[in-house]
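Hi everyone, thanks for coming along. Today I'd like to walk you through the voids and a couple of the sheets in one structure, so let's put it on the screen.

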Amino acid sequence: MENDKKEPAAENPYKLLDLKLTPVKTWAAGIPAVLAAFGDLIEEKTLVRGTKALFKMNQAGGFDCPSCAWPDPDDERSPLGEYCENGAKALAEEATTKKVTTAFFKGNSVFDLAKLDDFTIGKMGRLTEPMYLPQGGTHYQPISWDDAFSKIAAHLNALETPDEATFYTSGRTSNEASFLYQLFAKEYGTNNMPDCSNMCHETSGTALRPTIGIGKGTVKLEDFYDTDVVVIVGQNPGTNAPRMMSALEKCKKNGGKIIAINPLPEAGLMGFRNPQEVSGVLGNGGKLADIYLPVKINGDMALLKAIELLLLEFERKSPGAVFDQDFIAEKTVGYDAFIEQFETYKLAELAKESGVSAALIYDAAQMLAFKKRIIICWGMGITQQPNGVAMIKEMLNILLLKGSIGKPGAGVCPVRGHSNVQGNRTMMIDEKPTDAQLDRLQDFYGFNPPRKHGYDVVRAIKAMHEGKLKVLFCLGGNFLSATPDTNYTANAVRKLNLIVSVSTKLNRSHLVHGKESIILPTLSRSDIDMVNGVHQFITTENSMGVVQSSKGMLKPVSDNLINETQIVCRMAMATLGDKSVINWKRYAESYDAVRDDIEKCIPGFENYNEKVRRKEGFYLPNLARDGKFITKDFGEKAPFTLTSLPQNTLEDGEYMMATTRTHDQFNTTIYGLDDRYRGIKNERRVVFMNQNDIDSAGLKAGDKVDLFNYDDGIERIAPLFIIVSYQIPEKNAVTYFPETNVLVGINNVVKESNMPASKYVKIRIKKHDPEIYERVKKLEQTVQV
């Protein structure tokens, strides 16, 4: 007789909280930001200790903020503090007095910890000693530093080829540690150096280098104070770089205008209440965006071309008054071919493709038409689009037409995320090093570095799946929560023989592991770093090319923590031994020694130790900032680029989704469960939708739904989300990461830069099915591409 007894339904690991909706904000910062910042210090039980540190953060002689890469003023800095709400939260996370000790790991299995959400995992406290998970083990156990490095060395030396190892880097890593890390990898024998740039601004460098000759921005902070127009595209200053709003406020006070382009009307684009000014405390603060263009997801290219079409019309009516013809003739190539394309475009069609009305586009073009000092900023709303490289080149086209680059108050400004992600690249953290870089290393050190390009993040994940990688070493970061296609990536990581994580706090990557796993706890930016009785400092590079010192001032929470620089040196000594031609012990004992040799290998760092001890640090060379465009294919001229409009099509029932962060998180670090500016309280599993789309789908705000993606013919499921009605273009949806990284297919990447296209994900939205968890469980165990 057939057994008709049903199997029990899979357990629901996705718990909804008590979602509360509050009014959406039309301004950012103010007193609520101050209260939120100090609230986090209290929560982390570090109010006195943390407040003391806040007044040294981003100050001369103090330490660099561990959050974003927005620059500090070159001259006087505010005595009230040079930090923002999220910077204070980042400090609270690392200055916490909560500890994760051996007793914690003894009482909590990896299986049980993995059931927790990322927010809960991150709030456990600071790691205090090295931990090891043996093959088949259920609990992490303590291991000495020497034994940890011996195990790492044994794994690395047992590989058939160095290319079976890969070395990942987070943007918080200092210049000194980054330089030594890439040096070790090259002497070991591989260029497998994926890093967080592969997921945030690889697109920017890929677009900028062949166009203006450098993969960085060209403006200084002071340029924002004295410019005509700032255009902000796909970037949310209020959450991603809150101190940027102070610069925008100065821009407005000095007569500048701001154009904001984004699918969501973010609070940090609309208004700013400066908590350091009376008007920001008692008054209404100041308006930021003069014009807001609500572009639909990936409608930016059509919008940019529409603006160019109108600028061309203005130029034809007032020859030489709109375009800088002298600049075009002297500094650029390809102008005639670029102009010819506009014979095929019509404003009405471009406006429809962009989702922005022709009238609004006209207003924006008119604001730009007779101005010469223009700054264009962008964030991951552009870089994580499949045609992001082309869109950045299109923005450059506008600046080249206007002659608005390489002069004061004008240029490009990719707004970087992590506080030293740009410095990592300067220090040669790159899976595609140039021959010139490798030649300098070879000449100075005397070994022959590998020339074959290595794996970026996406290629590394695929290589893990294929068994081509056996060891993953992560110098900072939370690899699993940062990367796309979560189930696919998790299964890839599980195939590794060893994963090593250099971390300050517990995160998801410690709990989804290879056959063996090692956690190496490190000092944070704010911690005192004593080496041989000398208080050491590190250096970082901000998003405008300033290199400055950073010196911690808090007593570490454990005596068993060491700096990332020393971790790299000790790994190198254990792995390479007498085979190495590099004096790793010298570097471990003095960071000045590291800087002495950096200046021999990387242009722009001459007299490094002397210049970085200046109060303001020093600027790295930037020829494009000086109006010199040295490009590989066009000599000393910048090319206009011909781009095409994307074909954005959606089937019935499909929506275009973009992932974003809440105001209560920085990258994968989640500080809290609120998104104050968007009116979300106590929940992260929400999907923002246009009310017309909600109605058309027969749904209503507050409904529970499941989200699906079918790229590559594979079903991907993010279950149990709540619909929130929001001011967003029709057929668009926005969700938070890392909760919906599971929907970002591994092959959904940006052309040329190979970054995950997390702002361009086709999804279907269906009413929540309580039986969905069985399918989710099977997908987590079996998904392959």
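Before I name any lining residues, one term: a residue counts as lining a cavity if it has an atom within 4 Å of one of the grid points, and those are points where a 1.4 Å probe fits but cannot get out. Please also keep in mind that this is a predicted model.

Let's start with the closed spaces. Searching the whole structure turns up 10 cavities of 30 Å³ or more. I'd like to look at the second largest cavity, which holds about 70 Å³ of space. What classes of residue make up its lining? The split is 12 nonpolar, no polar and no charged. Among them are Val231, Val233, Ile259, Ile261, Leu304 and Met395. At least two lining residues come from each of these elements: strands E8 (229-233), E9 (257-261) and E14 (374-378), and helices H15 (300-317), H19 (358-369) and H21 (388-402).

Now to an open space. The second largest pocket has a volume of about 1,400 Å³. Its lining has 40 residues, and the closest to the pocket centre are Arg209, Gly213, Ile214, Gly215 and Gln437. By class, that lining has 15 nonpolar, 14 polar and 11 charged residues. Which helix gives the most to it? That is H9, with six residues. Helix H9 spans 202-212, and helices H22 (421-426) and H23 (435-445) also supply at least two residues each.

On to the sheets. One is an open sheet of six strands with mixed pairing, in the order E6-E5-E18-E17-E16-E7. At its edges sit E6 (141-142) and E7 (165-169), each pairing on one side only. Further in, E5 (residues 131-133) and E18 (residues 516-521) pair antiparallel over three bridges, and Leu133 has Ser517 in E18 as its bridge partner. Helix H8 (residues 175-188) lies across E7 and E16 (471-475), at about 170° to E7.

The other sheet has three strands, again open and mixed, in the order E2-E10-E11. Here the edge strands are E2 (28-29) and E11 (286-287). E10 (residues 271-273) and E11 run antiparallel and are joined by two bridges, with Phe272 opposite Gly286. Helix H12 (residues 244-253) lies across E2, E10 and E11, and runs at about 105° to E10.

That's my tour, and I'm happy to go back to any part of it.

How values were computed:
Residues are numbered from 1 along each chain as its sequence is written. This is a predicted model: local features need pLDDT of at least 70, side-chain atom pairs count only at pLDDT 80 or more; totals for chains, interfaces and linings use all residues. Side-chain values use heavy atoms; hydrogens and water are left out. On a 1 Å grid over the protein atoms alone, a cavity is a set of points where a 1.4 Å probe fits but cannot get out, and a pocket is an open set with protein on both sides within 12 Å along at least five of seven lines; lining residues have an atom within 4 Å of a point. Grid points are joined across faces, edges and corners, and a volume is the space filled by probe spheres set on the points. Helices (H or I, at least four residues) and strands (E, at least two) are DSSP runs, numbered from the N terminus. Ala, Val, Leu, Ile, Met, Phe, Trp, Tyr, Cys and Pro count as nonpolar, Asp, Glu, Lys and Arg as charged, and the others, Gly among them, as polar. Two strands pair if DSSP finds at least two bridges between them. Contact means heavy atoms within 4.5 Å. Axes are lines fitted to C-alpha atoms, for helices over the stretch in contact, and angles run from 0 to 180 degrees between N-to-C directions.
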